[in-house]
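Have a look at the model below and turn it around a little before reading on. We'll walk through it one piece at a time.

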Amino acid sequence: MCRVAKIKEQHKKLADRWLAGDCSQEEAALFAGYAPKNARKQGYLVLDRPEVQEYIQEQLEKMQSERIADAVEIREYLTRVMRGEELEEQVTKLQDKTFQKGGGMIITERTEIIEVKPRMSDRNKAAELLGKGYALYTDRVEQDVKGTVVIVNDLPDD
């Protein structure tokens, strides 16, 4: 039976805050509602409990699996790139020219981020990777041979 189901809400709150990685055990205990006088000790004791350790382990595994793309996500991404649906951000320098009455000109530069569709070479590469994933480019020749295979050793002895 999973112990995580038995974890107290206050323990869960402390563990979640500590897992965020921006505070100590004592600060996490304070966040969870423990008294400042006992926060350091309670933070240590709660995080050392087996059911809290199991909860922390499950949360770490969940966080890790959310970071890693699975096969479906990769294929969906490659399909969006191939179809030109995935946009790429590019930084572009723009110049503004202002003419003055006295004959001078002021040039101001600014950068702007624009979204562009993938280049054809990127789209072709995505299509190629998808095709490889579906084994579209393998040359397989299946032959059904009936008979006896005879191996003849006709190499001269040295």
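What follows is a short tour of a strand pair, a surface patch and a ring with charged neighbours.

Keep in mind as you go that this is a predicted model. A good place to start is the hairpin. Strand E1 covers residues 88-99, strand E2 covers residues 105-116, and the two run antiparallel, paired over twelve bridges. To get your bearings along the pair, find Gln90, which faces Ile114 across in E2. Then slide along to Phe99, whose opposite number in E2 is Met105. Between the strands of this hairpin there are five residues, and Gly103 has a positive phi near 100°.

Now stay with Phe99 for a moment. This residue belongs to strand E1. Is its side of the story buried or exposed? Phe99 comes out at a relative accessible area of 65%, and since the cut-off for exposed is over 50%, Phe99 counts as exposed. Phe99 also has company at the surface: together with Met105 and Ile107, Phe99 makes a nonpolar patch of about 340 Å². So the Met105 that stands opposite Phe99 in the strand pair is a member of that patch too.

Next, swing over to Phe31. Which charged residues sit over this ring? One is Lys13, with its charged end 5.2 Å from the ring centre. Another is Arg17, lying over the face of Phe31 at 4.9 Å from the centre. If you go hunting for rings paired with other rings, though, you'll come up empty: the structure has zero aromatic pairs.

Note on methods:
Residues are numbered from 1 along each chain as its sequence is written. This is a predicted model: local features need pLDDT of at least 70, side-chain atom pairs count only at pLDDT 80 or more; totals for chains, interfaces and linings use all residues. Side-chain values use heavy atoms; hydrogens and water are left out. Two strands pair if DSSP finds at least two bridges between them. Helices (H or I, at least four residues) and strands (E, at least two) are DSSP runs, numbered from the N terminus. Patches are made of residues with over 30% relative accessible area and no salt bridge: like charges are joined within 9 Å, nonpolar side chains (Val, Leu, Ile, Met, Phe, Trp, Tyr) within 5 Å. Accessible areas come from the Shrake-Rupley method with a 1.4 Å probe; for residues, only the protein chains shown count as cover. A salt bridge is a side-chain nitrogen of Lys or Arg within 4 Å of a carboxyl oxygen of Asp or Glu. Buried means under 20% relative accessible area, exposed over 50%, partly exposed in between (1.4 Å probe, protein chains only). Rings of Phe, Tyr and Trp (its six-membered ring) pair if their centres lie within 6.5 Å; planes under 30 degrees apart count as stacked, over 60 as edge-to-face and the rest as tilted. A charge sits over a ring if NZ of Lys or CZ of Arg is within 6 Å of the ring centre and within 35 degrees of the ring normal.
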